[in-house]
Amino acid sequence: MTKLLLSAIIAAGVLVTCSFDFQKTPDIPTKEYHTEYVIVLIIDGPRYTETFGDTTCKYIPHLGNELKKEGVLFSNFRNNGPTFTISGHTAIMTGRYQHISNSGKQLPKHPSMFQYYLKEKNVLKSDAWVIASKGKLEVLGNTLYKKWWNVYKPSTYCGPNGNSSDYAGDPETFDMVKTVLSSEKPPHLMLINLLAVDTYAHSKNWEMYLKSIQNCDNYAFQLWNLIQSNNKLKDKTALLITSDHGRHLDGHKDGYINHGDGCEGCRHISLLAMGPDFKKNVEITTCAEQLDISKTISEILHFSMPTGKGRVLTEMLN
């Protein structure tokens, strides 16, 4: 009797299994996006207190008014890793926090979104650009990761000669941005670094620190208008504006002059995202972080980012 019961159970199991074999699991459709081009603008080292933390937005009138109305502001955006220039940029590009030399003499451990993009899309290196005022950011174009070292490297302009000792002024860097974007085939993926805010703060020049924030506000506005006036880019381009790190708050260590620890001033930054697939005139106060940028970009442009640890910022998507 027991054997008959066991046989019946096994037979029933086979029937159930077979029935599932004949029912093909439906494919999950890939979400389609209008975005074809993505630009990440990194303003190096402003404090949140002088940007969106000031409700009057007096130093960022374009970002805080016209541009904010065009997109989504993450006002609780964080650098949750080392709060230095190369560390912050590495987190944004690789989706991983890393203690990395800030001198430009060490490559990131993991491949960047640029390398993953170039390989998966099988396109020329000119379709991905890193354009930076700081020469030491040349390291962002490569990785120590064995299978990715020296392959699928993006085009770079990091200072006049592209090494850690050469720096360019932000006007020269922005001229290069305009040249590349106005080309016959503008890149589908670009990262821009502007250095003046960080440089003048380290120089203990408060007036020029504030002036540089205003200048970067103007560059951001020019960049958005440049996108809108280009028929190849208009209504197809996402612009994400953020920072690599903040700075010490007043009363902590030497205040705005430096950065590099885990204080609130160093960690609290912002992300303003504009583009055809993003909501408009929305502020999101839930926490997001630098690692989420590359993951979100990989989702929108449809390429894999297997070593990235962030999440897709679905709350800002239409």
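Leaving aside its neighbours within four places in sequence, with which residues is Asn193 in contact? This tour of a predicted model reaches that residue at its second stop.

**The whole chain**

Begin by displaying the complete protein chain, which has nine helices and nine strands. Of its 318 residues, 53% count as buried. Colouring the chain by residue number helps with the next point: among contacts between residues at least 6 apart in sequence, 76% join residues at least 24 apart. If a surface is then switched on, the chain exposes about 14,700 Å², and carbon and sulfur atoms supply 55% of that area.

**Asn193 in strand S5**

Select Asn193 next, which has its place in strand S5. Asn193 counts as buried because its relative accessibility is 0%, and the cut-off for that word is under 20%. Now show the residues around it. Apart from neighbours within four places in sequence, Asn193 is in contact with Ile42, Asp44, His89, Ile131, Ala132, Ser133, Lys134, Leu137 and Thr173. Keep Asp44 on display, since a polar contact of 3.2 Å joins its side chain to that of Asn193.

**Helix H4**

Move on to helix H4, residues 113–121. Within H4, Met113, Phe114, Gln115, Tyr116, Tyr117 and Leu118 are buried. What do the buried residues of H4 pack against? Their partners are strand S1, helix H3 (85–94), strand S3 (128–132), strand S5 (189–194) and helix H9 (291–301). Strand S5 is also the strand that holds Asn193. Follow the chain past the end of the helix to Asn122, which comes after H4 and has a positive phi, near 55 degrees.

**Two further positive phi angles**

Select Cys57, located in the loop between strand S1 (37–43) and helix H2 (61–69). Although Cys57 is not a glycine, its phi is positive, at about 50 degrees.

Then select Asn281, in the loop between strand S7 (268–274) and strand S8 (282–284). Asn281 is likewise a residue other than glycine with a positive phi, in this case near 55 degrees.

Is Cys57 buried or exposed? Cys57 has a relative accessible area of 9%, so it is buried. Asn281, by contrast, has a relative accessible area of 53% and is therefore exposed; the cut-off for exposed is over 50%.

Notes:
Residues are numbered from 1 along each chain as its sequence is written. This is a predicted model: local features need pLDDT of at least 70, side-chain atom pairs count only at pLDDT 80 or more; totals for chains, interfaces and linings use all residues. Side-chain values use heavy atoms; hydrogens and water are left out. Helices (H or I, at least four residues) and strands (E, at least two) are DSSP runs, numbered from the N terminus. Buried means under 20% relative accessible area, exposed over 50%, partly exposed in between (1.4 Å probe, protein chains only). Contact means heavy atoms within 4.5 Å. Accessible areas come from the Shrake-Rupley method with a 1.4 Å probe; for residues, only the protein chains shown count as cover. A polar contact is a pair of N or O atoms within 3.5 Å; within protein, one must be able to donate a hydrogen and the other to accept it, and residues adjacent in sequence count only if both atoms are side-chain atoms.
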